[in-house]
Amino acid sequence: MKSSGWVVGEKFFHNKWKAIEYATIHPELPYNAYCHDDAWNRVDWTTEPKETLEDLEIQHCKYLRNKYDTLVLFYSGGVDSHTVLQRFIQNNIPIDYICVWYVNDPDADYNHDTKLAISYLKENSTKLEKTKILYGKKFDHKEGNSIYNYTGNIFNLNWQLRFHHIGHEEQLKFRYPTVYEQIKKNGCIITGSNKPYVYRDKVGKHYVQYVDYDDENWGQSLVEMFWQGKNPKLQIKQCHLAKKWLEKK
């Protein structure tokens, strides 16, 4: 699935190191990060969509449900993933699995959010009767693809060496391999990240840009970043709302 990654010439890569290696061998070819470019370049970003943000979010939930056999939502209880969950619940759109991860330290701030997330899911269990909740430990510094596990094959780390583990696909594959296999057949991991960063230049024009190293989801073929989906309308609406806020302030 071609969603986000890197392009050298006309060759697409989900792994940034492999893209760099290929670009080194072929220095004459253009090299770029890629995020739904084939769809996003065809639309008018200067015009704000008439639909409300909520309507567009609901449309995207329905799109994901119709496209995939298996949906897995990574839910932290934060505003992003909670908004996604609300749109599914409020419109009776079923989710197959919800993953909630905790960390080893019981007093960590992250675990307070996790406890609230679990409480919310329990309170709304009647609305999630078709959903299985998967509860597991986040990768620590000795697991996954953190810098502590680096053994010389940088390709296995995709494109970054980090202090902490990154990669939702690897997390699911390690903790719940049977669910991961379902996703590989025809499914996706939904994350609520990637709100747009809107800037204004010196002449007063607004623009938005995406830097691949700012997000851990980039280059994962099974991950659907909710606000950066195939249909650009949702992202365009967010950008215009941010632009209005900037102008008002």
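This passage describes the overall fold, the aromatic contacts and the salt bridges of the structure shown above.

The model is a predicted one. Its protein chain is built from eight helices and ten strands. The radius of gyration is 19 Å, close to the 18 Å that the globule rule gives for 249 residues, so the chain is as compact as a globular protein of that length. Measured out along the principal axes, the C-alpha trace spans about 50 × 50 × 35 Å. Of the 249 residues in the chain, 44% are buried.

Aromatic side chains offer a good place to begin a closer look. A pair of aromatic rings is described by the distance of the centres and the angle of the planes. Nine aromatic pairs are found in the structure. In one of them, the rings of Phe 74 and Trp 101 have centres 5.6 Å apart and planes at 70 degrees, so this pair is edge-to-face. The two residues come from distant parts of the chain: Phe 74 belongs to strand E4 (residues 70-74) and Trp 101 to strand E5 (residues 97-102), with their positions 27 residues apart. Both partners fall under the 20% cut-off for buried residues: the relative accessible area is 8% for Phe 74 and 5% for Trp 101.

A stacked pair is formed by Tyr 199 and Tyr 207, at 5.4 Å centre to centre and with 25 degrees between the planes. Here the rings are partly exposed, Tyr 199 at 33% relative accessibility and Tyr 207 at 39%. Tyr 207 is part of strand E9 (residues 206-208). Together with Tyr 197, these two tyrosines make up a nonpolar patch on the surface, and the three residues share about 320 Å² of accessible area. Why can Tyr 207 belong to such a patch? Membership calls for over 30% relative accessible area, and Tyr 207 has 39%.

Two further aromatic arrangements deserve a mention. Trp 40, Trp 45 and Tyr 210 are joined into a cluster by ring pairs. Lys 11, in turn, sits over the face of Tyr 22, 5.7 Å from the ring centre.

Charged side chains form the next group of contacts. Side chains of opposite charge can pair when their charged atoms come close. The count of salt bridges comes to eight. Among them is the bridge between Lys 16 and Asp 212, whose closest N and O atoms are 3.1 Å apart. This contact spans 196 residues, from Lys 16 in helix H1 (residues 16-25) to Asp 212 in the loop between E9 and strand E10 (223-225). Lys 16 counts as buried at 16% relative accessibility, and Asp 212 is buried at 9%.

Glu 51 and Lys 233 form another salt bridge, with 2.8 Å between the closest N and O atoms. This pair also links distant parts of the chain, as Glu 51 lies in the loop between helix H2 (37-40) and helix H3 (53-67) while Lys 233 lies in helix H8 (residues 233-248), 182 residues apart. Glu 51 is partly exposed at 21% relative accessibility, and Lys 233 is partly exposed at 33%.

In the bridge between Glu 224 and Lys 67, the closest N and O atoms are 3.7 Å apart. Strand E10 holds Glu 224 and helix H3 holds Lys 67, 157 residues apart. Glu 224 is buried, at 5% relative accessible area, whereas Lys 67 is partly exposed, at 33%. Finally, Glu 48, Lys 237 and Lys 244 are connected in a network of salt bridges.

How values were computed:
Residues numbered from 1 in each chain as written. Predicted model: local features only at pLDDT ≥ 70, side-chain atom pairs only at ≥ 80, totals over all residues. Heavy atoms only, no water. Patch = residues over 30% accessible without salt bridge, like charges linked within 9 Å, V, L, I, M, F, W, Y side chains within 5 Å. Areas by Shrake-Rupley, 256 points an atom, 1.4 Å probe, with all protein chains shown as cover. Salt bridge = Lys/Arg side-chain N within 4 Å of Asp/Glu carboxyl O. Helix = DSSP H or I, 4+ residues; strand = E, 2+ residues; numbered from the N terminus. Buried < 20%, exposed > 50% of the residue type's maximum accessible area, 1.4 Å probe, protein only. Phe/Tyr/Trp six-rings, centres within 6.5 Å; stacked < 30°, edge-to-face > 60°. Lys NZ or Arg CZ within 6 Å of the ring centre and 35° of its normal. Rg over C-alpha atoms; globule rule 2.2 N^0.38 Å.
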